[in-house]
Each structure stands twice: as C-alpha cells, then as structure tokens.
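Work through the following exercises with the sequence and the structure side by side. Try each task before reading the solution beneath it.

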Amino acid sequence: MTISTAAVAINSTALFSTWQRAQLVKYLQVLALIVALVSTGVVAQDKSSTYQSVEPRNSYFALTMGSGITNVEGVDKEDKKQNHRSFDVRFGQYLKDNVRLDFVHANEGHPYNHHRDGFSTQLVYTPMLTKTARLELGSGPYFSFDTTRNAEGVELNEKRLGMMSTVALVYPINYIGTGAHLRGQWNNYLIPDRPTSNSFLVGFGIDIDNGSNQVKQDGNGFINEVWVSLANTKINHGGPETTVGYSVEGAHRFSNNYAVSLGWLDEGGDSGWTERRGITAQVWRFIPLGNHLEGRFGAGPYFAQDKYEHASAFDTKGVVTIGVNYYPHWRNTQTWFVGGSLTRVIDKKGYENDADIARLTIGYRF
C-alpha cells in the first residue's frame, strides 16, 4: 500500500536526525586524521614569509568545507539546503605544468531526504591569473551514493554515475609555508534523472615541491607490502550501530606508483542489516605528498559472504578506498608506516546495504 507523502517526510526526518549525526562524527574523525597527517608534511616544507606565488609544483592536497543547494523537487527552499555539511578532500599529481589529475571524495551535505556523496577523478586545468593567484577548472566522472527514501517510503542505497565539475580560486598564505594557500571553490554535481547539486566551499591546499619523491621498494617479491587495519563499519541505513572489524591485505607495489592488493575484510559481525566478510582485491594509484606522506586511491571487487543474504554463498560486491599513508620522521628506514582511509562497500543485492568503513592501518614493507 502506498504511504502518504506526509508519512515519508516523517520517516525521512527521523532517519536522518540520528543517522546524519553518526555519519558526520565518523567523517570528521577520518578527515581530522587526514588533515593531521598532511599538516605534518606541510611543516616539513621550507617556510618563507616572502613567498608570494601559487605556481604549480609536483603534487597537491586540499581540504574544503561549506554548504550549498540541492535541487530536490517538491520541497521548500529551506529543505534544499545542505546544512553546512558539505566537504571535498582531494589529492592529485601534475601531468604537466598546468594540468593535474585529482582524486576526490566529496560529500554534498544533507538536504531533505538525501545523503549523497561519492568519488571522482578530475582532470584539472590550473592557469595563473596573476603572480599570486591561480584559477582551477576541473571536471570528471562522479560515482555517487545516495541514501534516500522513495515515494513508497522504502529506504534505498542508490548508486549513479554522473559528472562533477569544479571552479576554484587559490591564493597563498605567506606565513604558513611554501606552497600553502587558501582555496575557495564551487562544485557542481550533475546526476542524470536525479537532483542537481551545487556546493560552495572554502579551505586550504598545498602544492608540494618534493612530491616527485616516491618511497622506494626494498623487495621485489610477489608480496612486498602487508597492511593490517582496525575497521569501524557503518551500514548506510538508519538504525544499526557501528561495528568494529579488521582487515589484512598483501600487496605488490610497482615502481610507477601503482599497486595491486589481495586481502580479507571482516566488517565486524552482526550490524542489524548485515553480517558480512570476504575477500577484497583492489588496484591502487599512489600520489607522493612529500618525503613522508602519500595519498592512495583504490577500487576493485569484494567477494563477500553475508549471513543475512545466504549462510554459505559468496556474492560479488565492490569497494572504493581513499586514504593517506604516513612514514614516521623518527625512523631511518621506510619499512613501517601508518595510514588512515575510508572505504565504501558497494552492494547491489537485497536492500543494497552499502557501508562506510573507516580504517586505521599499520603497514610493513619488505
């Protein structure tokens, strides 16, 4: 039987009032870790109070936050607002002097009955406007995830492929360090047959001059890295609490900043929606962010067993991960590292139980 629009509104409000707070706390925890790690790299840059340029270097990192409007149909203007919960975290590497490839995780805020975020790769053009200011124009595919209720009141984890475009202006911060700058930007999210979204964000970024430095592999074996992670899992539906799990991965890092990994992921047992674990395989792109930091972006299949779906059968799902690794300054070797990452589980069966998994990782290089 069809549920009335009023009932859907009540259900949606109840869902997001609790769920949004839990999601926001988790996102902020992961972002705080990323910011702390990258800030350490910023300190390592040469500081110069006379630095007056934002000319491109080798690698790039930026974090911006803000708000905007999502064109949700049938609601008033107040319900279209993103409630100051939008953010954009990105790292990239220059392909040439004024062209950069960025990897982005963006959250579009929390308008009425939509919690949409996603991952994008953007080709960014970075012309200098003046000696001290730079314009950035970027665009690329956007894989979006939206937790929403349909007209019948059924909660969905909806996946769509669209386009994300960015216009940004960056200006140097003279007293922080070489390459550091303020960043103001506009993001446009265009999803076929779904609400168009616009976010206005401000934050900071850094161009990293020594970003061409890449941690060298000590071994050439089939597995030359091992990653062990503590995982905090949140199913993207209202109601279930987070669960604590783990993952173990073996990887082969190639000299061209790519890697492949194979691992075991346990999402933490019964979450109220899933009891899921299985084998992950990902292809990775690493972006050096200085001598002690690197960004990483990976994606691949997830062969998962879920007690809620079938007691013994495995089903193919997907995972997308964005994160940062830190190699401690106090060690003379680059054998050990720590990292923080956010993994999205992509589910297409049943109620589409997508999940966000925040992971704290310790890694060892052979």
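**Exercise 1. A charged pair**

Are E136 and R183 buried or exposed? Decide this, and then work out which parts of the chain the pair connects.

*Solution.* Keep in mind from the start that this is a predicted model. Begin with the cover around the two residues: both E136 and R183 are buried. For E136 the relative accessibility is 1%, and because buried means under 20%, this residue falls within the class.

Next, look at the contact between the two side chains, where E136 and R183 form a salt bridge whose closest N and O atoms are 2.8 Å apart. E136 belongs to strand β5 (residues 134-149) and R183 to strand β7 (residues 180-190), so this salt bridge ties together parts that lie 47 residues apart in sequence.

Then turn to R134, which also forms a salt bridge with E136, with 2.7 Å between the closest N and O atoms. R134 counts as buried because its relative accessibility is 0%.

As a last step, widen the view to the network of salt bridges that links D88, R90, R100, D102, R134, E136, R183 and D207. A search of the whole structure finds 26 salt bridges. As a general point, side chains of opposite charge can pair when their charged atoms come close.

**Exercise 2. A second charged pair**

Find the salt bridge between D315 and K317, and state whether K317 is buried or exposed.

*Solution.* First, locate the side chains of D315 and K317, which meet in a salt bridge with an N to O distance of 3.0 Å. Second, consider the cover on the lysine: K317 has a relative accessible area of 6%, and it is therefore counted as buried.

**Exercise 3. Following the strands**

Trace β1 (59-70) and β2 (86-96), and determine which strands pair with β1 and how β2 is joined to β3.

*Solution.* Start with β1, in which 10 of the 12 residues are buried, so that the strand is mostly covered. β1 pairs with β8 in the antiparallel sense over 12 bridges, and within this pairing M65 has V202 of β8 as its bridge partner. β1 is also joined to β2 by 8 bridges, again with the strands running antiparallel, and here the bridge partner of L63 is V89 in β2.

Continue along β2, where 9 of the 11 residues are buried, so this strand is largely enclosed by the rest of the structure. β2 pairs in the antiparallel sense with strand β3 (residues 99-108) over 10 bridges, one example being G92, whose bridge partner in β3 is D102. Finally, examine the connection itself, which is a hairpin that joins β2 to β3 through 2 residues.

**Exercise 4. The nonpolar cores**

Which residues have the most contacts inside the largest nonpolar core, and how many residues does this core have?

*Solution.* The largest nonpolar core has 18 residues, and those with the most contacts inside it are F61, F91, F119, L289 and F297. To see where its members come from, go through the strands: β1, β2, β8 (197-208), β13 (293-306) and β14 (314-326) each supply at least two residues of this core, and β14 gives the most, with 4 residues. The core also draws at least three residues from each of domain 1 (54-208) and domain 2 (223-365).

Now take L289 as a single case. When its neighbours within four places in sequence are left aside, L289 is in contact with S59, Y60, F91, I208, E294 and G295. Apart from the largest core lies another core, of 9 residues, including L265, A304, V345 and I357. In soluble globular proteins, nonpolar side chains tend to be buried together.

**Exercise 5. The chain as a whole**

How many helices and strands are in the chain, and what share of its residues count as buried?

*Solution.* Count the elements first: the chain contains 1 helix and 16 strands. Then consider the cover, since 55% of the 366 residues count as buried. For the contacts with a separation of 6 or more, 63% are accounted for by residues 24 or more positions apart.

For one case of separation along the chain, take G221, in the loop between β8 and β9 (225-235). G221 and F366 are 145 residues apart in sequence, while their C-alpha atoms are 8.3 Å apart in space. G221 has a relative accessible area of 34%, and is therefore partly exposed.

Definitions and conventions:
Residues numbered from 1 in each chain as written. Predicted model: local features only at pLDDT ≥ 70, side-chain atom pairs only at ≥ 80, totals over all residues. Heavy atoms only, no water. Core = buried A, V, L, I, M, F, W, Y, C linked by side-chain atoms within 4.5 Å. Buried < 20%, exposed > 50% of the residue type's maximum accessible area, 1.4 Å probe, protein only. Domains from an automatic or database assignment. Contact = heavy atoms within 4.5 Å. Pairing = 2+ DSSP bridges. Salt bridge = Lys/Arg side-chain N within 4 Å of Asp/Glu carboxyl O.
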